[in-house]
Amino acid sequence: MILFVINIGASSTKLAVYLGEQELTTQTIRHPSQELKDIDGLWNQLDYRRRAVEQFLQKSGFSLTDFAAIVSRGPVVKPLKSGTYEINEAMLQDAKSGKYGMHPCGLGCQIAYDIAKQHNIPAFTVDPPCVDEMIDVARITGLPQIERVSFFQALNHKAKGREYAKSIGRTYEQLNLVITHLGSGISVASHEHGRVIDVTNGLHGDSPFGFDRVGTLPAKAWAEFCIKNKLTLEELKEIINGGGGTQAHLNANNAIEIETMIQNGDTHAELIFRAMAFQVGKGIGAAAAALSGKPDAIIITGGLAHSTRFMGHIKPMVEWMAPLYVNPDDNEVRSLAQGAARALEQTNLIKQY
């Protein structure tokens, strides 16, 4: 069961070949920012990204006829249930439309689909960020015109839930878990017997603040800020996702830089770092409450979980609630391969868009 995995990000293309869950070869291609800027429009990058994929395959020693399936991360489409989906024309049309948002991972799905169609093999995507399993009460806000929306790092959340369950001899569907992803964006979710019944949404300003995301804001102060500064909707979106968090407070958007500032005696940087951890801890408590019972475990993953200082602030807030499992690894490529392997082993698991 040899699998070809494609994970296209904003400035990189990660490619790998897996034998089931065993990595055979991998490469991360970094794309110069100027080369990407010279291409007008995301979907006009398709041929550029395709060439990177073709060059990898030529060097890998594998032929397309070796692969049982191709799997890509993404795309941003309509709300979906968790699982492994076969990429089809309808999915790609929705990804290209921009109706639900735009992300470079859609390019990977198009490339996977094109290659798979030529060689009569399936093309999959696994747990895209638009996974939506929220219960009805979790959607309601204090304004009937506004609902909360599910959009998060579903691929890593689900993979870490399965990983922890396997480590204790259980299944993901048997457990109630609080899972937190600490990456460039932060998401905290309540996983009830295999279903994410509630989750924060950093892209929409509904979460703990992160490295460049504002997180949840006091509504009155936010409204006054918007009116006073006469900002357009696009300008506000750029603040919510990219113009807030530690970047706005400290002009720093990664843990290494912030911890260096703290070590050099910057007490304000220490305060902001603690405040970010404090919000994550509160979010974990809220997610546990949503489960209506003691969680079987609290799982924390993502790159920021490497920070001993950051985790030192969070642990006293949450470890009394349930066993705490910390694994910073968020290997999306491996998680994609695992999802495709499950689908090939049990074809009844394959979902259609």
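This passage describes three local features of a predicted model: a β-α-β unit, a helix and a buried arginine.

The β-α-β unit is built from strand 10, helix 12 and strand 11, and it is right-handed. Strand 10 covers residues 297–301, and strand 11 covers residues 324–327. Helix 12 comprises residues 308–318. The two strands run in the parallel sense and are paired over 4 bridges. Within this pairing, Ile299 lies opposite Tyr325 of strand 11.

Helix 6 spans residues 154–167. Its 14 residues should extend 20 Å at 1.5 Å a residue. The C-alpha atoms at the two ends of helix 6 are 20 Å apart, which agrees with that expectation. Of the 14 residues, 10 are buried, so helix 6 is largely enclosed by the rest of the structure. The buried set begins with the run Ala154, Leu155, Asn156, His157, Lys158, Ala159, Lys160 and Gly161. Tyr164 and Ala165 are also buried. Gly169 follows helix 6 and has a positive phi, near 75°.

Arg49 is located in helix 2, which is formed by residues 46–60. The residue is buried but makes no salt bridge. Its nearest side chain of opposite charge belongs to Glu35, at 9.1 Å. A salt bridge would require a side-chain nitrogen of Arg within 4 Å of a carboxyl oxygen. Arg49 does have a polar partner: its side chain and that of Thr13 are joined by a polar contact of 3.1 Å.

Definitions and conventions:
Residues numbered from 1 in each chain as written. Predicted model: local features only at pLDDT ≥ 70, side-chain atom pairs only at ≥ 80, totals over all residues. Heavy atoms only, no water. Pairing = 2+ DSSP bridges. Right-handed = clockwise from strand over helix to strand, strands pointing away. Expected span 1.5 Å × (residues − 1). Buried < 20%, exposed > 50% of the residue type's maximum accessible area, 1.4 Å probe, protein only. Lys, Arg positive; Asp, Glu negative; His and termini not counted. Polar contact = N/O pair within 3.5 Å; in protein donor to acceptor, adjacent residues only side chain to side chain.
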